[in-house]
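Please look through the chains and their contacts before reading on. The report below takes up local backbone features, a helix, salt bridges and the interface.

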There are 2 protein chains.
Amino acid sequence: MFLAEGVRLLEESVRLHFLPRTVFYAPSMLSKRAEKLIKRFENRAVETVKLSAKDLRSVSDTESPQGIVGLFAIPSTNLSKLYQPKHRRLVLCENMSDPGNLGTLARSSLAFGFDLILLCGDSVGPYSPKVVRASAGAVFGLRIAVVTLKEVYAFLARERVMIIAADLRGELVTKLPRKALQKRKILLAVGSEATGLSKSLLERSDIRVRIEHLRTVESLNAAVAGSIIMKELFEMACKEGYR
Amino acid sequence: MFLAEGVRLLEESVRLHFLPRTVFYAPSMLSKRAEKLIKRFENRAVETVKLSAKDLRSVSDTESPQGIVGLFAIPSTNLSKLYQPKHRRLVLCENMSDPGNLGTLARSSLAFGFDLILLCGDSVGPYSPKVVRASAGAVFGLRIAVVTLKEVYAFLARERVMIIAADLRGELVTKLPRKALQKRKILLAVGSEATGLSKSLLERSDIRVRIEHLRTVESLNAAVAGSIIMKELFEMACKEGYR
């Protein structure tokens, strides 16, 4: 199970049809908007439990809790259960230890039409509270599989997925071969802030891309770099009409 | 004064010529790379102070300190001292309370040739440890002014700067009027995650831009959105040859 709290985050769980098992709330702490949200959960037959303000604070993870906390079942993270043949754009995060980066990438994935996130190596858990918060609820609308590299390679070969690796020594992302990508399933691989992608993944990749920037910084933030490449791939897909 | 710690971060301070007043280190905790870095500080006449591992841990802010902490003087945050007529691209962050977002935007600013950050409203301090860390050292290479909106407006009018506002109801960033921007100084205004830019800033802006994405999420992360727009403006500048 995992916890998610606050009005905005829990509103996203309703909007994205990923409902909590139980919602805990402290009536004295609720805004009007939070009260409405409790009603929406009740209308959807979600169990709601009243707590004292003191008890709610003790389950809350934030400094200024909004009086509402949801308890969710962790969904399957099994690739073979999550993958569907209709999925066209996937993201792989390798050694993504920063929860802020993983959450932000999840949010951008949902925004730019990436259907499935694969998480491998020494990564933070996809449903840890900081990831859920940083995702602004995007994890409620995504599928996230936890995988080994071996599983990834078997999967990619079987499904004929093209690997696009974010790599500082790659080609400019603005020069991606649009035609070649048009009819392929793609997987965008993003590595850790500190070390980038592993040698193994870089060697297996079909294309390596980088983002043009001044040499005043060594690299962009991993979530920013991943998001920029996602956006380019998304725009390409929109233009080609296969969104 | 502010603290920054870790090998990578302090290496950036050397590379970007923003040296600490004092470097504290615990010899027993240092990697070879950290030892080299201490030498580089000593060669640049930076005061270095040996500490026991226990004492170093007590000044450190991280869970696994690398045995090296720098103490820096906070630079001026006075706009009239920081601004230079040669600055062409500026960023304004309004109510940027998340240190991760501010640090990430600072990193992207340096990467995409934005010379000066203006910080207004209820924002986190630009040299707080989390901002410095999230910036990956970019704050060492940037100028950051803390300003009121009144100061901003007076400055923008005086310097004839065009305001480009990041706004969910704006036009697509890919449709920016390149010609109109070519000869102008620009300021990109980015608001908070929760509420976006204030009405006042939106009304004063010359152009409002948004990033195309699916309606599955309400918005992108503020640092991602800001970085994507910066990248577009940077590419435009490169193409027009006025980088």
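Arg160(B) is exposed in this predicted model. Its relative accessible area is 59%. Arg160(B) sits in the loop of chain B that runs between α7 (149-159) and β8 (161-172). Its phi is near 50 degrees, a positive value in a residue other than glycine.

Ala136(A) also has a positive phi, near 55 degrees. The loop here is the one between α6 (129-134) and β7 (143-146) of chain A. Ala136(A) counts as partly exposed, at 30% relative accessibility. In chain B, Ala45(B) takes a positive phi of about 60 degrees just after α2(B).

**Helix α2 of chain B**

Helix α2 of chain B covers residues 32-43, 12 residues in number. From its first C-alpha to its last it reaches 17 Å. That is close to the 16 Å expected at 1.5 Å a residue.

Which residues of α2(B) are buried? They are Ala34(B), Leu37(B), Ile38(B) and Phe41(B). Seen down the axis of α2(B), the buried residues fall within an arc of 105 degrees, so they line one face of the helix. This buried set packs against α1 (7-15), β2 (22-25), β3 (47-50) and β4 (68-72) of chain B. On the other side of α2(B), the exposed residues are Lys32(B), Lys36(B), Lys39(B) and Asn43(B).

**A buried histidine**

His87(A) lies in the loop between α4 (79-82) and β5 (89-94) of chain A. It is buried, with a relative accessible area of 3%. What is His87(A) in contact with, leaving aside its neighbours within four places in sequence? The partners are Leu82(A), Asp115(A), Leu116(A), Arg143(A) and Lys185(A).

**Salt bridges**

Over all chains, the structure holds 22 salt bridges. Four of the pairs are listed here.

| Pair | N to O distance |
|---|---|
| Glu193(B) and Arg107(A) | 2.3 Å |
| Glu12(B) and Arg15(B) | 2.7 Å |
| Asp167(A) and Arg169(A) | 2.9 Å |
| Asp167(B) and Arg208(B) | 3.5 Å |

Take the pair of Glu12(B) and Arg15(B). Both residues belong to helix α1 of chain B. Because they are three residues apart there, about one helical turn separates them. Glu12(B) counts as buried, at 11% relative accessibility. Arg15(B) is partly exposed, with a relative accessible area of 35%.

Asp167(A) and Arg169(A) form another side-chain pair. Asp167(A) is buried, at a relative accessible area of 6%. Arg169(A) counts as exposed, at 67% relative accessibility.

In chain B, Asp167(B) meets Arg208(B) in a salt bridge. Asp167(B) lies in strand β8 and Arg208(B) in strand β10 (residues 207-210), so the pair ties together parts of chain B that are 41 residues apart in sequence. Asp167(B) is buried, with a relative accessible area of 6%. Arg208(B) counts as partly exposed, at 33% relative accessibility.

Salt bridges that share partners also build one network. It joins Lys231(A), Glu232(A) and Glu235(A) with Lys231(B), Glu232(B) and Glu235(B).

**The interface**

How many residues does each chain bring to the contact? Chain B gives 34 residues and chain A gives 34 residues. Between them the two chains bury about 2900 Å². Carbon and sulfur atoms account for 57% of that area. Arg107(B), Glu212(B) and Leu214(B) supply 20% of the area that chain B buries against chain A. No other three residues supply more.

Four salt bridges are found across the interface of chain B and chain A. The side chains of Glu193(B) and Arg107(A), from the two chains, meet in a salt bridge at 2.3 Å, N to O.

**Relation of the two chains**

Two copies of a chain are related by a rotation about an axis and a shift along it. Here a rotation of 180 degrees, with 0.0 Å of shift along its axis, superposes chain B on chain A. The RMSD is 0.0 Å. That is the relation of a two-fold axis. The same surface serves both copies, as 100% of the contact residues of chain B recur in chain A.

Which residue of chain B comes closest to the rotation axis? It is Val224(B), with its C-alpha at 2.7 Å.

Technical notes: Residues are numbered from 1 along each chain as its sequence is written. Chains are lettered from A and ligands numbered from 1 in the order in which they are written. This is a predicted model: local features need pLDDT of at least 70, side-chain atom pairs count only at pLDDT 80 or more; totals for chains, interfaces and linings use all residues. Side-chain values use heavy atoms; hydrogens and water are left out. Copies are superposed by least squares on the C-alpha atoms of residues with pLDDT of at least 70 in both. Contact means heavy atoms within 4.5 Å. Helices (H or I, at least four residues) and strands (E, at least two) are DSSP runs, numbered from the N terminus. The expected span of a helix is 1.5 Å times one less than its number of residues. Buried means under 20% relative accessible area, exposed over 50%, partly exposed in between (1.4 Å probe, protein chains only). The arc is that of the directions from the helix axis to the C-beta atoms. Buried area is the accessible area (1.4 Å probe) that two parts lose on being put together, summed over both.
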